[in-house]
Amino acid sequence: MPTDAEISRALNALSTTLRDQRPDTFDASRAEEIVTGAVAGEPTLRARATGPTSGELRVREDGRLLATIDIHEGQWRVERKLGAGGSSWALSQPAHDER
């Protein structure tokens, strides 16, 4: 199971890369490469397309939904769905600023 810090790092890397590269469609294998690289090459997360411009990220170990990925108002959005594992200070929130 990835740590909360690894999850945050992976989601930030994915969000930043999608916003910078602006692909037209969601590529699950590319998303998985990005998040695996962000967690030191450990394949703890699995990406899956749910539509042409949407997908999800799940914890490989148990299949729990970690985040949803889609295009919202013309920009890629990565939204964390799995809460911060019992942390008293970390709050579950999107991996990017939606302002």
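**Exercise 1. Work out whether Asp-62 is buried, partly exposed or exposed, then look at its salt-bridge partner.**

Asp-62 has a relative accessible area of 40%. Buried means under 20% and exposed means over 50%, so Asp-62 lands in the partly exposed class. Keep in mind that you're looking at a predicted model.

Now for the partner. Asp-62 pairs up with Arg-64 in a salt bridge, and their closest N and O atoms are 2.7 Å apart. Arg-64 comes out at 35% relative accessibility, so this residue is partly exposed too.

**Exercise 2. Find the salt-bridge network that Glu-56 belongs to.**

Start with Arg-48: Glu-56 makes a salt bridge with this residue, with 3.0 Å between the closest N and O atoms. Next, try Arg-58: its side chain meets that of Glu-56 in another salt bridge, at 2.7 Å from N to O. Put the shared partner to use, and Arg-48, Glu-56 and Arg-58 join into one network.

How exposed are the members? Glu-56 has a relative accessible area of 9%, so it is buried. Arg-48, at 39%, is partly exposed, and Arg-58, at 23%, is partly exposed as well. For the wider picture, the count for the structure is 8 salt bridges.

**Exercise 3. Track down the aromatic pair and decide whether it is stacked, tilted or edge-to-face.**

Searching the whole structure turns up 1 aromatic pair. Its members are Phe-26 and Trp-76, with ring centres 6.3 Å apart and an angle of 45 degrees between the planes. Under 30 degrees would be stacked and over 60 edge-to-face, so this pair is tilted.

Where do the two rings sit along the chain? Phe-26 is in the loop between helix H1 (4-21) and helix H2 (28-38), while Trp-76 belongs to strand E4 (residues 75-80). That puts them 50 residues apart, so the pair links distant parts of the chain. Both residues are buried.

**Exercise 4. Place Phe-26 in its surroundings.**

First, set aside neighbours within four places in sequence. Phe-26 then still touches a list of residues including Ala-31, Ala-47, Arg-48, Pro-52, Ile-69 and Trp-76. Notice Arg-48 in that list: you met this residue in the network with Glu-56 and Arg-58.

Next, check the largest nonpolar core, which has 22 residues. Phe-26 is one of those with the most contacts inside this core, along with Leu-14, Leu-57, Leu-66, Ile-69 and Val-78.

Last, which elements feed the core? H1, H2, strand E1 (45-51), strand E2 (54-59), strand E3 (65-72) and E4 each supply at least two of its residues.

Terms used. Residues numbered from 1 in each chain as written. Predicted model: local features only at pLDDT ≥ 70, side-chain atom pairs only at ≥ 80, totals over all residues. Heavy atoms only, no water. Phe/Tyr/Trp six-rings, centres within 6.5 Å; stacked < 30°, edge-to-face > 60°. Helix = DSSP H or I, 4+ residues; strand = E, 2+ residues; numbered from the N terminus. Buried < 20%, exposed > 50% of the residue type's maximum accessible area, 1.4 Å probe, protein only. Core = buried A, V, L, I, M, F, W, Y, C linked by side-chain atoms within 4.5 Å. Contact = heavy atoms within 4.5 Å. Salt bridge = Lys/Arg side-chain N within 4 Å of Asp/Glu carboxyl O.
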